[in-house]
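Me: Please take a close look at one part of this model, the interface between its two chains, and describe the contacts there. Then follow the charged and aromatic pairs that lead away from it.

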Amino acid sequence: MPELSQLETGIAVLVAVLTLIFLRVPVGLALGLSAFLGAAVLLPMPAAVSLMTRVPYEFAASWEFAAVPLFLVMGAVIVRAGMAEGLFQLAGRLLSGLPGGLAIATNFAGAAFGAASGSSLATTVAIGRLATPQMLRAGYDPALATAVTACAGTLAALIPPSIPLIVYGILAEQSVARLFLAGIVPGLLTAFAYALMIALRCHFNLALAPRKSRQPPADDLEDETADWGVVALPIIAIIILGGIYSGLFSPGQAGAVGTVAAILIALPRKDFQWRDLAAAFADAARQTASILFVAIGAFMLTRTMALTGLPFALADLVEAWAVSPLVLILGASLLFVLLGMVLDTFGVMLLSVAVLLPVFERLDFDLIWLGIIIVKYIEIGLITPPVGLNVFAAKSVAPDQISLPTIFRGVVWFLVAEVFVMACLLGFPSIVLWLPNQVFGV
Amino acid sequence: MSKPSQQARLIFSFGEALGALALCLMVAHISIDVALQALIDLPLRGTSEIVSEIYMPFVVFGALAAVQDRREEIRVDLVSIILPDRINAMLDRLVQALVLVAALWLAWHTGEQALRAMMIGERIELGTFAVASWPGKLILPFAFAFLALSAAVRAMRP
């Protein structure tokens, strides 16, 4: 059998990754197994075994990655305590006069809930469980009522604290605090673009959302949970962001402080028991294992990619062809969207960081801006068929008669809004960089 | 559910509980550290080392088998939509066999590393005192062995 060159091995490893993923091998194992096979081709077997089997502990034993489980448990407490309810009710009261007011309220409640929970799926499930039945009762189009919960959930990936931004920051060796600030304006821009699109559609097509008279009166929306939820989430968000930017604690420590704040707010309530707290910790432990198992596989892949030299060969190629930055970012955008259609959030990010980061570094791209762009594409991937994890999450809390194609039909309009947002972020990087540069300096 | 399956699930729940407990201790430890730093400018010594080398391995690997058992692992169900149920079931068994082999292999190698660390009494020196760090390594072979068990249980389920 002819021996593979280093570059051929690199390409074969990537093909193996995609093949195994399509065969439904867990993504973490697909990445790790392919990485090991690549290392075994390039190194003597004992060296390959030693290199790969040390990764799980070296990777897990990380102070930086502790932020991931800490924010996950904070989100789990917030979800189990039902803190989304009051927020949605307040937004519903304030925005019910606008065309598609309940859908717009769902969108902004998703943004606010995401700001405290940090998890797209948790946001979609929590907001969808509340908002979808109310919108359907008010006569909203099922495609709009479900798609808005799927898309509002994606805002959590950008608005801090964002778990994808933490993971990107660690892997790309960028400041997580700077990334958090950089995500705020694009997150809000996306929320307002969604709101504008919903209002315009509902203004021109009355069948999508009946005007206020058919919507449930404000009293229907109220219950005992309303007021505390309105106050609880902003308090947690202010504690986290205030603490980070005043230098009181690091982004990693913020997860622990935020968790304690969420517990202190939730525990005095009658409907949040100690067993709910234990269940929240168990949820977070499983989510951590699930996410970081993928990250460990990707870390193995990064090591193998470094051995093959493929990322650097790609960088050389881009430099030799004198590819303009615009062409490069558009080409990468296409790749991210395609990967996002078939891979999960962390799969896309970890593959792109492993393979493409050296290319962008070589061409002096701002890696903070790039992180936001990658997370935006991941966010778009969360609502793009055929995988669209957030769409599946929205389906899981929607009535049975609403099919996946119906939700995807509603999502198409949000993707149109995303084209506008991405054009702004790609064309005007200062939208992303202005806020972190103001706070931290250039 | 068969009795062996129930017993296996107890083991997975135990792992999950270990992960949740480590996470709980980690939240408490870091919060106390932040509070002491803010109030009396005297943080707990060695917090980052203890978090990274002791709590984190338990948090990351404790619930690994429970994730697999509950089918919560991250994977892409793209081909399953177009393939017939019989092929999907066969494919799932093959994947579980692959998980089983890989998990056993990792359990063996991480077990060797953990034993070595335990034999030499690996620890973190924190100035005037030291904390044993080998327990953090010991969770890995158990977690991967539990993962192998959960793959076997899942492959045998009808």
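Reply: The interface comes first, then the salt bridges, then the aromatic pairs.

This is a predicted model, in which local features need pLDDT of at least 70 and side-chain atom pairs count only at pLDDT 80 or more, while totals for chains, interfaces and linings use all residues. Residues are numbered from 1 along each chain as its sequence is written, chains are lettered from A and ligands numbered from 1 in the order in which they are written, and side-chain values use heavy atoms, with hydrogens and water left out.

In chain B, 54 residues are in contact with 49 residues of chain A, contact being heavy atoms within 4.5 Å. The area buried between the two chains is about 4,400 Å², and carbon and sulfur atoms give 78% of that; buried area is the accessible area (1.4 Å probe) that two parts lose on being put together, summed over both.

Seven residue pairs are in polar contact across the interface of chain B and chain A, both residues at pLDDT 80 or more. A polar contact is a pair of N or O atoms within 3.5 Å; within protein, one must be able to donate a hydrogen and the other to accept it, and residues adjacent in sequence count only if both atoms are side-chain atoms. On the side of chain B that touches chain A, at least two residues each come from helix 1 (3–40), helix 2 (47–62), helix 3 (64–69), helix 4 (85–119) and helix 5 (134–156). Helices are DSSP runs (H or I, at least four residues), numbered from the N terminus. Helix 4 of chain B gives the most, with 13 residues. By type, this side of chain B has 31 nonpolar, 12 polar and 11 charged residues. Here Ala, Val, Leu, Ile, Met, Phe, Trp, Tyr, Cys and Pro count as nonpolar, Asp, Glu, Lys and Arg as charged, and the others, Gly among them, as polar.

Two salt bridges cross the interface of chain B and chain A, each a side-chain nitrogen of Lys or Arg within 4 Å of a carboxyl oxygen of Asp or Glu. In one salt bridge, A:Arg286 pairs with B:Glu16, with the closest N and O atoms 2.5 Å apart. A:Arg286 also meets A:Asp283 in a salt bridge (3.1 Å, N to O). A:Asp283 and A:Arg286 are about one helical turn apart, because they are three residues apart in helix 15 (residues 274–308) of chain A. Both are buried, that is, under 20% relative accessible area (1.4 Å probe, protein chains only). The pair of A:Arg286 and B:Glu16 joins two chains, because A:Arg286 lies in helix 15 of chain A and B:Glu16 in helix 1 of chain B. B:Glu16 is buried as well.

Elsewhere in chain A, A:Lys376 and A:Glu379 form a salt bridge (3.2 Å, N to O), and both are buried. Shared partners join A:Arg80, A:Asp283, A:Arg286, B:Glu16, B:Arg70 and B:Glu72 into one salt-bridge network.

Over all chains there are 10 aromatic pairs. Rings of Phe, Tyr and Trp (its six-membered ring) pair if their centres lie within 6.5 Å, and planes over 60 degrees apart count as edge-to-face. One edge-to-face pair is A:Phe71 and A:Phe180, at 6.4 Å centre to centre and 75 degrees between the planes. A:Phe71 in helix 5 (residues 67–80) and A:Phe180 in helix 11 (residues 176–204) of chain A are 109 residues apart.

How values were computed: Rings of Phe, Tyr and Trp (its six-membered ring) pair if their centres lie within 6.5 Å; planes under 30 degrees apart count as stacked, over 60 as edge-to-face and the rest as tilted. Buried means under 20% relative accessible area, exposed over 50%, partly exposed in between (1.4 Å probe, protein chains only).
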